[in-house]
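Subject: The structure for you to look at

Hi,

Here is the structure I promised to pass on. Have a look at it first, then read my notes underneath with the picture open.

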Amino acid sequence: MKITIRVVTTIDDGQETTRDLACVERQDLTPATFGLSLTEGKAVLQALQEVIVEWQMHTYCQQQRACPHCGKVRQSKGVHHTVFRTVFGTLPVDSPRLSQCACQPQTTTSFSPLAALLPEHTTPDLLYLETKWAALMSYGLTVKLLQDVLPLDEPLEPVTIRNHVIKLAQRLEDALGDEQGAFIDGCPRDWEALPLPDGPLTVGIDGGYVKAQGEQGSFEVIAGKSLLAFHRGEEAEAPVSSKCFAFVQTYDEKPKRRLFEVLQSQGHQLNQQLTFLSDGGDTVRNLQLSLNPQAEHLLDWFHVTMRLTVMQQTAKSLPETTSDEERTYEVRAPVIKELERLKWFLWHGNVYQAFQVMQSVEGDLEVAVATSEDATARKLLKAVEEFHTYIENNANFIPNYGERYRQGERISTGFVESTVNQVISKRMVKKQQMQWSPRGAHLLLQIRTRVLNGEWEETFRTWYPAFRSHPQPVAASTTPQREAAPIRQYDRRAPSFRNVGHLYSSHLPSRLSDRTLIMATIMKLRQCQPHDWHITTSWPTRRPGG
C-alpha cells in the first residue's frame, strides 16, 4: 500500500496549488507499522509547516510592497536570510528589505517588513513549551523531552532553554508594579461600601534553602500559598482558588507587591477577612503587614511545637540531680515539668505565664551549668534562651490555639510545608545537583509558580493576543459520499409519514455495497420498537465502479 499526502493551497481568487508532502508505504500490518510512526509524523508536520510559512511570508511581503499612504510600490534593496524556530522545525526564510517611501518623513531610509513584524525568531508556541517544561524539570531533561516529541532539526542546548526562561521571567519582573510600604487605601467608610467579598483568605508563608554557586553555601527562598475558602454569586460552583508564590529573599526588591498581586488575582478586597500564618522568622514577619485592615496575623503552631518538642527530648538527657557545697538539686524532673507547662500556656495563648515559665527554666539550667558544667544542660539553656527571644519577637502573633482548633480554624501551615516541597524542593533540591545563583533561582520560581497555578498560558495570551486562539481545523473531504434514497417510515399510532432520509448512511464510509448500507440502516432503526414500524426502502441503481 502506498499513501501520498498532498496539500492544496487555495488563495483568495480561487486559484489552487497542489504540493506533495510525503509518501508512506505499508505492507503487512504489525504493531510497529500500525499507523504513522513518530518519525513519519514529524516529517509530515515539518513539511506542512514549510508550506504554510512560505505562503504566509510571500503574501505578507507582497502586501508590504505598496506604501500605505500613497500606494506607490516600494523598491527592493535586497534580501537577507534568516531563520525562525517553530515547534515543527527551524525554517530558513528570505527577508526582503524595502526602501522607505518619500511621501512621508522617515527616520530610516529602508526597513525589513518581517523584522518589524517578527522581532523574535522563536515562535510563542515553542517558547511556551520550553519555559513550561523547564519550570517543571531540569533544563537537560527539557531538551530531551522536546527533541523526542517535536521535529527539531538542530539539537537544543540547555543554555538556550535557560536563556529563554531568564528572558521571559525578567519580562514578568519588569511588568510588576512598584513596591510600597502599605497597600491599604481609603478609610473604614469606604471599605464598608464595598460589595460583599468572597470567603476568607488564608495565607501561609514559610521558607526553604537552595544550594548556592561556588562556596557560598545556601540562600533562603520564601514560599507560600493563598487559599480562598469559597466563592459567592455566580462563581459559587467554581473550584476553591489556591495559588502559590515564591521569591529569593535576598534578591527580590518587591516582595510585598508580589504577595499583594497574588491576593488581587483571587479577588481580594479591603473588607475581606484575611489570615496570615508564618513561622515568625525575621524575613517574613514584616512581609504580611499593611496589606489588609481586616488581616489577622498568627504565629504558626507547627513551628512553636516543633521547637518545644526538640527541647523536651533534650531535657530527657539531663542529669537527674546536681549538687554544690551546700545541697543537692533536682534538674531533670523540674525542667521536663516546666516545659510541659510552657507548652500548655502557649497552646492557650497565655504569653505572660509562658515568659514566667521560661525564666524559671533558664534559672534551673543556669544552676546546673554552673555546678556540673553538663554539656546537655548548656545546650538546652541556649535553646531555651533562643526560644525566649523567638516568642518575645512574635508575642503579638500568638492567639489562643486551643480555641481556634475547637472552632475548626487553621492554626498551622501544614499546607505550606507541602508547597515548599512542591515549589522549591522538587525542582531545586531533591535529586538535583545544580547550584543556583539568587537571580537565576528567583526568575525560574516566577515561571514555576505560574505554571503550577495554571496561569502561564494566560500570561502568554497577554503578550501574544492570538496565542492558541485558532479554531479547530475542519476535516476536509474531497470524495463525494453515496447519497441514499429517502427512507419512509409509518407509525400506526400516528397516521402520518415522516421523511428520515439519510438517517444513517451519512455516518458510513462512501465505498460500501448497497447490501451493507441497507443492513446498517436497518440495525440503526432497530432502536425503535419493531412492531410499530413498517420500513420500505428504495435505492438508486448501482453506479459503475461505485
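One thing to keep in mind is that this is a predicted model. Let me start with the whole chain. About 31900 Å² of accessible surface belongs to the chain, and carbon and sulfur atoms make up 51% of that. Of its 546 residues, 40% count as buried. The chain has 17 helices and 15 strands. If you take the contacts with a separation of 6 or more, 61% of them are between residues 24 or more positions apart.

Now to a small sheet. Strands S3, S4 and S5 sit in that order in an open sheet of 3 strands, with antiparallel pairing. Which strands stand at the edges? They are S3 (76-86) and S5 (110-111): each has a single partner strand, so one side of each has no neighbour in the sheet. S4 covers residues 89-99 and is joined to S5 by 2 bridges. Try finding one of the residues involved: Ser99 has Ser110 in S5 as its bridge partner. Then look for helix H1 (residues 38-64), which lies across S3 and S4 and runs at about 10° to S4.

Next, please click on Pro151. You'll find Pro151 in the loop that links helix H4 (139-149) to helix H5 (158-175). Is Pro151 buried or exposed? Its relative accessibility is 6%, and buried means under 20%, so Pro151 counts as buried. Not counting neighbours within four places in sequence, Pro151 touches Lys42, Gln46, Val87, Phe88 and Gly89. Take Lys42 from that list: Lys42 and Pro151 are 109 residues apart along the chain, yet their C-alpha atoms are separated by 4.9 Å.

Last, a pair of helices. Helix H3 (residues 124-136) packs with helix H15 (residues 438-452), their axes 9 Å apart and at an angle of about 95°. Angles of 65 to 115 degrees count as roughly perpendicular, so that is the word for how H3 stands to H15. On the H3 side, the contact is made by Thr131, Lys132, Ala134, Ala135 and Leu136. H15 brings Leu444, Ile447, Arg448, Val451 and Leu452. Sorted by class, the contact of H3 with H15 has 7 nonpolar, 1 polar and 2 charged residues.

Have fun turning it around on the screen, and write back if anything is unclear.

Cheers

Definitions and conventions:
Residues are numbered from 1 along each chain as its sequence is written. This is a predicted model: local features need pLDDT of at least 70, side-chain atom pairs count only at pLDDT 80 or more; totals for chains, interfaces and linings use all residues. Side-chain values use heavy atoms; hydrogens and water are left out. Helices (H or I, at least four residues) and strands (E, at least two) are DSSP runs, numbered from the N terminus. Buried means under 20% relative accessible area, exposed over 50%, partly exposed in between (1.4 Å probe, protein chains only). Contact means heavy atoms within 4.5 Å. Accessible areas come from the Shrake-Rupley method with a 1.4 Å probe; for residues, only the protein chains shown count as cover. Axes are lines fitted to C-alpha atoms, for helices over the stretch in contact, and angles run from 0 to 180 degrees between N-to-C directions. Angles under 35 degrees count as roughly parallel, over 145 as roughly antiparallel, 65 to 115 as roughly perpendicular and the rest as oblique. Ala, Val, Leu, Ile, Met, Phe, Trp, Tyr, Cys and Pro count as nonpolar, Asp, Glu, Lys and Arg as charged, and the others, Gly among them, as polar. Two strands pair if DSSP finds at least two bridges between them.
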